[in-house]
Amino acid sequence: GKGDGKGSRAKKTSCSTCCKTEVARGGEWNDGRPRRSEPPTDGFKLFVGGLPADVTEEELRLVFGTYGEVMHCHIMGAHPRSGLRCAFVYYDKYDGAEDAIKVLDGIYKIRTDAEDAIQVRWANKDSASDRKGFGKGDFWG
């Protein structure tokens, strides 16, 4: 009957909830290889989502270096379903990180043929606790 259609639609929300949880935990699907360099503990850390599978650290440094000195970039493994990647970018100053969020988040496409703009937001738990931006679906496009 009519009730069946509505019931199946409601289940769709569980996928995005699951994806949000995985990203909040730090993305366990990373390939587990040791980091080449340890990220700084005193940097200003940004989460960058919606990156193409073949993105390079040089590309990230080129884009994010426009707004301030990038101390470290760490690209995570590709998402198992979408193939997109996320990364953490560390700035030496708060202003550079803040400017990057304002200018790039939801606006900038790292490749001209990309379907969606990248997501840029604070990565540290304290700043992300308000869950700003979580309503747009998962981080991976």
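1. Let me start with helix H3, residues 57-64, where Leu60, Val63 and Phe64 are buried. These three span an arc of only 85° around the axis, so they sit on the same side of H3. On the face turned away from that buried side you'll find the exposed residues Glu58 and Leu62. As for partners, the buried residues of H3 pack against S1, S2, S3, H4 and S4.

2. A word on what we're looking at: this is a predicted model. Mean pLDDT for the protein chain is 75, with 58% of the residues at 70 or more. Residues 5-30 have pLDDT below 50, although this stretch still makes 23 contacts in the model beyond near neighbours in sequence. Residues 127-137 are also below 50, with nine contacts of that kind. Where pLDDT is low, the predicted coordinates should not be read in detail, so I'd keep that in mind at both places.

3. Now the overall layout. The protein chain has five helices and four strands, and from the N terminus the order is α-α-β-α-β-β-α-β-α. Of the 141 residues, 33% count as buried. The accessible surface of the chain is about 8900 Å², and carbon and sulfur atoms account for 51% of that. Looking at contacts with a separation of 6 or more, 64% come from residues 24 or more positions apart.

4. Strand S3, residues 85-91, deserves a look of its own. How many of its seven residues are buried? Six of them are, so to speak, under cover, and the strand is mostly covered. S3 pairs with S1 (residues 44-51) in the antiparallel sense, through six bridges. It also pairs with S2 (residues 70-75), again antiparallel, over five bridges. If you want residues to click on, phenylalanine 44 stands opposite tyrosine 91 in S3, while histidine 72 stands opposite tyrosine 90 in S3.

5. Next, glycine 43, in the loop between helix H2 (13-24) and S1. Which residues does glycine 43 touch, once those up to four places away in sequence are set aside? The answer is Met71 and Tyr91. Tyrosine 91 is also the residue in S3 that stands opposite phenylalanine 44. Glycine 43 and aspartate 92 are 49 residues apart in sequence, yet their C-alpha atoms are 5.3 Å apart in space.

6. Last, isoleucine 110. Its place is in the loop between helix H4 (94-104) and strand S4 (119-122). Is isoleucine 110 buried or exposed? With a relative accessible area of 12%, isoleucine 110 is buried, because the cut-off for buried is under 20%. Leaving out neighbours within four places in sequence, isoleucine 110 is in contact with Leu51, Pro52, Val55, Leu60, Val63 and Ile118. Leu60 and Val63 should look familiar, as they are among the buried residues of H3 from the opening point. The C-alpha atoms of isoleucine 110 and glutamate 59 are separated by 8.2 Å, with their positions 51 residues apart along the chain.

How values were computed: Residues numbered from 1 in each chain as written. Predicted model: local features only at pLDDT ≥ 70, side-chain atom pairs only at ≥ 80, totals over all residues. Heavy atoms only, no water. Buried < 20%, exposed > 50% of the residue type's maximum accessible area, 1.4 Å probe, protein only. Helix = DSSP H or I, 4+ residues; strand = E, 2+ residues; numbered from the N terminus. Pairing = 2+ DSSP bridges. Contact = heavy atoms within 4.5 Å. pLDDT = per-residue confidence, 0-100. Arc of directions from axis to C-beta. Areas by Shrake-Rupley, 256 points an atom, 1.4 Å probe, with all protein chains shown as cover.
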